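Me: I'm new to reading structures and would like a close look at a single part. Please pick one spot, explain it slowly, and then work outwards from there.

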Amino acid sequence: MAKGAVSIQVERCKACGFCVEFCPAKVLALSSSFNAKGYHPPEAIAPEKCSGCDLCGLYCPDFAIHGHRLAASPDSPTGDSHAC
Amino acid sequence: MTAAGGLPALESNPVEPFLRMDRMPHIWCPGCGIGTTVNCFIRALLDSGADRQNLTVVSGIGCTGRVAGYLRLDSFHTTHGRAIPFATGLKLANPKLNVVVYSGDGDLTAIGGNHLIHAARRNLDLKVICVNNLIYGMTGGQTAPTTPRDVITSTAPYGTFDANFNLPHLMDAAGAVYVARWTVYHVKQLARAMAEALSKKGFSFIEVISPCPTLYQRRNGQGDGLNALQHYKQVSVVRHGAPTQEVGIGRHGEIAVGKFVDRVRPDYQELRRAHLQESLGGRYADTLHLEECECPS
Amino acid sequence: MHADPAGVLTGVHFLDGDHACCEGCLAAGARFAAGYPITPSTEVVERFASRIPTVGGIFVQMEDELAASMTLQGAVWAGAKAFTVTSGPGFSLMMENIGYAAMTETPCVFVDVQRGGPGTGLPTLPAQADMMQCRWGSHGDYAVIALCPNSPQECFDLTVRAFNLAEKYRVPVMVMMDEVVGHMTEKVLIPPAEEIEIQPRRHTRKVPGEFNLYAPTGDLVPEMVHAGEGYNFHVTSLTHDERGYPSTTPQVQHSLVNRLTDKIYRNLDDIVTFDSHGCEDAEVVVVSYGITSRVAQRAIDLAVQSGRRVGRFRIVTAWPFPEKQIRELAGRVRALVVPELNLGQMVREVERCAGGRCRVVSVPHAGGAVHAPEDILNAIEEALQ
């Protein structure tokens with residue numbers, strides 16, 4: 001079970017690629033969907049590997065993603081995208 | 001903020017309480033590193049336990065100068081090059097304030113250069129975060145004192161040919177008590193350095209090498225912001241305590257990162273008070289906060 | 001509220017204008033000065049540097065006027081009343097930051113002890129040639145208040161008034177001295193602290209969350225807060241909205257920039273002061289300010305002695321200009337004679353306000369000395385032809 005999860009504010013993303021590149025667990029990839037500005041926001045392609053370290057959040061220049069650790073529970077939700 | 005697929009909404013980004021979310025999105029380009037440095041700064045605020053109410057941020061003019069406007073703190077966007085004098089006034093009039101100067105390489109080292117060296121000389125208790133993208137970004141990519149040789153800029157269309165500043169060396173020589181350099185790739189180390197500076201008394205200077213994809217990178221065939229970070233990762237070498245004359249940056253070659261200077265010497269206010277107490281004895285009126293009105297808190 | 005006695009050197013003194021100005025700053029509650037040496041103003045901050053450690057406050061000599069003019073503003077936002085002093089070349093350097101103070105509505109005082117110019121000019125000799133610069137020196141549209149003392153006593157009194165006006169209107173106020181007034185030594189009476197009326201900072205009583213730093217009150221002037229009080233405010237000299245957030249649209253520009261000027265020009269009756277005598281039935285009125293007004297008085301006295309009907313109108317508030325008063329005079333007199341230690345600066349305002357209804361006779365002087373009374377007397381005679 002994933003120890004962490006990411007939360008993505010897709011409309012803020014400008015697809016710089018920092019989060020995808022520097023996630024230590026390679027959880028993320030740029031999706032094929034578009035946000036309103038025409039960028040490809042990231043999505044969690046391997047959410048089960050997320051540790052919630054929040055390196056993605058630290059890197060993101062647009063404050064569009066952050067990770068957090070999940071409380072230990074078998075029913076914990078995993079990666080999630082928000083259209084805000 | 002609803003979750004997709006019926007999953008419960010996750011907690012909000014912990015940086016948001018420190019940002020003026022009513023001003024988002026910010027003006028910085030895709031792949032610009034300034035926003036990344038802001039995350040590190042907010043992380044440093046949280047980790048250092050800095051008193052948020054007394055934290056003030058002063059910026060000059062330029063892309064990095066816009067940081068003051070996005071942080072939800074008492075913040076000042078001042079005239080070009082004059083963030084440090086303004087910060088000096090804040091700090092001297094109310095020593096309880098923790099005053100951070102957050103500005104760019106052009107603002108701090110060109111037009112602001114004189115103030116930079118004098119503040120370091122005096123060891124004023126200011127924390128200077130110099131986001132160095134090696135260019136004047138906001139105005140369209142002109143040469144800065146930090147632009148390395150053989151770089152195309154809008155005012156050096158045939159390439160730069162003069163030497164650029166070695167900022168850690170300049171700051172070391174001027175008397176700063178804390179001098180460090182990291183790049184936007186080194187997010188954890190940068191946050192740690194900022195936290196150290198926030199807690200350290202005296203003049204601290206942190207240089208952050210950051211990409212300007214739109215102007216510097218694009219005009220010089222260096223790809224985008226991500227390419228820049230990959231490049232920083234590749235060529236950075238941690239050299240804590242290195243002699244600062246050896247850490248200059250060129251267009252190619254190594255970027256020395258780390259903490260170069262961390263020393264102790266009395267800061268301006270300590271010196272002033274001690275000296276006036278000694279000279280004037282009982283006649284010295286020691287006032288710490290120069291506020292005359294009764295203000296509701 | 002009354003002056004803080006700690007800064008009031010009550011008594012009868014023999015002081016020059018520079019020194020009296022310093023005492024005025026202290027009496028007004030200034031506890032912070034940032035300066036840079038420049039003749040003939042330096043004595044103001046030299047005295048402040050000597051006095052402030054026993055009164056309680058800070059003097060810092062900065063590395064240049066660019067720094068000094070900004071450091072004092074940081075101190076204001078931290079809670080202090082602050083000022084700087086300079087002369088022509090330094091005044092020029094300070095112009096950008098004076099504009100910053102006007103745009104951000106930072107209450108503060110700039111003293112210019114005018115000397116011969118342009119350029120390095122005459123460092124130790126008088127002129128009054130910065131008067132237009134004082135009004136228009138920074139870029140863009142804004143309004144400042146400027147006061148012209150003509151004696152060491154007025155250097156004290158008008159400096160106190162300058163601080164009071166700065167706080168009342170959240171505006172930079174200039175004290176436009178000249179080298180002679182700055183260096184002449186005369187009796188200066190400093191009253192007891194309880195007789196000196198001080199305008200305190202217009203600090204809001206609203207709590208954080210309810211307060212907007214640029215929301216005007218009834219007299220078009222917003223209230224103020226200081227750093228460290230929990231308001232999380234933002235100050236920028238970009239065109240900004242009532243929250244202080246950059247808002248660079250023509251609509252916001254229109255409303256902000258008009259208000260910056262209106263807050264001064266709609267309060268003229270409170271701000272404008274002058275000193276007039278003998279104007280009721282005068283044929284000629286001599287309009288002057290600063291040291292020139294002392295010479296002018298001699299000329300007026302000589303003219304009156306020989307039977308002429310000559311009055312004086314001494315400009316004390318130079319900016320905003322006493323338009324109403326000059327317009328009114330122009331409708332009654334034959335001529336307005338305007339001697340100044342410059343090649344004609346405030347005379348342009350006099351001409352503008354006179355609107356052709358009377359003669360306006362300029363008595364220019366390139367500076368470096370004061371007029372001889374005969375120069376002004378001759379102009380009065382000529383005006384009476």
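Reply: Let's begin with a word we'll need a lot: a residue is buried if 20 or more other C-beta atoms lie within 10 Å of its own, exposed if 12 or fewer, and partly exposed in between. Keep in mind that what you're looking at is a predicted model.

Our spot is A:Gly17. Count its C-beta neighbours inside 10 Å and you get 22, so A:Gly17 counts as buried. Where is it along the chain? A:Gly17 is in the loop that links strand S1 (4–9) to helix H1 (18–22) of chain A. Leave out residues up to four places away in sequence, and A:Gly17 touches A:Leu30 and B:Leu226. So you can look at both chain A and chain B from this one residue, since B:Leu226 is in its contact list. For a sense of distance, try A:Ala46: it is 29 residues from A:Gly17 along the chain, and their C-alpha atoms are separated by 16 Å.

Now zoom out to the chain around that glycine. Chain A has 2 helices and 5 strands, and reading from the N terminus they come in the order β-α-β-β-α-β-β. Of the 84 residues in chain A, 51% are buried. Then look at contacts in chain A between residues at least 6 apart in sequence: 64% of these join residues at least 24 apart.

B:Leu226 hands us over to chain B, where B:Asn166 makes a nice partner for our glycine story. B:Asn166 is in a loop too, the one between strand S4 (126–132) and helix H6 (167–174) of chain B. Buried or partly exposed, what do you get for B:Asn166? It has 19 C-beta neighbours inside 10 Å, so it counts as partly exposed. Setting aside neighbours within four places in sequence, B:Asn166 is in contact with B:Val247 and B:Gly248. Its C-alpha is 15 Å from that of B:Ala120, which is 46 residues away in sequence.

Next, find two helices of chain B, H3(B) and H5(B). Their axes come within 8 Å and cross at roughly 40 degrees, and H3(B) and H5(B) are therefore oblique to each other. On the H3(B) side you can pick out B:Ile84, B:Pro85 and B:Thr88, which meet B:His115, B:Leu116 and B:Ala119 of H5(B). Sorted by type, the residues of that contact are 4 nonpolar, 2 polar and no charged.

Those helices lead on to chain C. Of the 2 pairs of chains in contact, B and C share the most contacts. In that pair, 43 residues of chain B are in contact with 49 residues of chain C. The elements of chain B that each supply at least two residues to this side include H3 (83–93) and H5 (113–122), and H3(B) gives the largest share, 8 residues. By type, chain B's side splits into 18 nonpolar, 17 polar and 8 charged residues. And our starting chain? Chain A and chain C do not touch, with their nearest C-alpha atoms 19 Å apart.

Let's finish inside chain C. Here helix H10 (residues 291–305) packs against helix H13 (residues 373–383) at an angle of about 50 degrees, with their axes 8 Å apart. That angle makes H10(C) oblique to H13(C), and the crossing is right-handed. Among the residues that meet there are C:Val295, C:Ala299 and C:Leu302 from H10(C), along with C:Ile376 and C:Ile380 from H13(C). That contact divides into 9 nonpolar, no polar and 1 charged residue.

You can check the length of H10(C) yourself. At 1.5 Å a residue, its 15 residues should span 21 Å, and the end C-alpha atoms are 22 Å apart, which agrees. Buried residues in H10(C) include C:Val295, C:Ala296 and C:Ala299. After H10(C) comes C:Gly307, with a positive phi near 90 degrees.

Try the check again on helix H3 (residues 65–78) of chain C: its 14 residues should span 20 Å, and the end C-alpha atoms are 20 Å apart, which agrees. H3(C) is mostly covered, with 14 of its 14 residues buried. H3(C) is followed by a glycine as well: C:Gly79, whose phi is positive, near 125 degrees.

Conventions: Residues numbered from 1 in each chain as written. Chains lettered and ligands numbered in written order. Predicted model: local features only at pLDDT ≥ 70, side-chain atom pairs only at ≥ 80, totals over all residues. Axes fitted to C-alpha atoms, helices over the stretch in contact; angles between N-to-C directions. Helix = DSSP H or I, 4+ residues; strand = E, 2+ residues; numbered from the N terminus. Parallel < 35°, antiparallel > 145°, perpendicular 65-115°, else oblique. Left-handed = near helix turned anticlockwise from the far one by under 90°. Contact = placed C-beta atoms within 7 Å. Nonpolar A, V, L, I, M, F, W, Y, C, P; charged D, E, K, R; others polar. Expected span 1.5 Å × (residues − 1).
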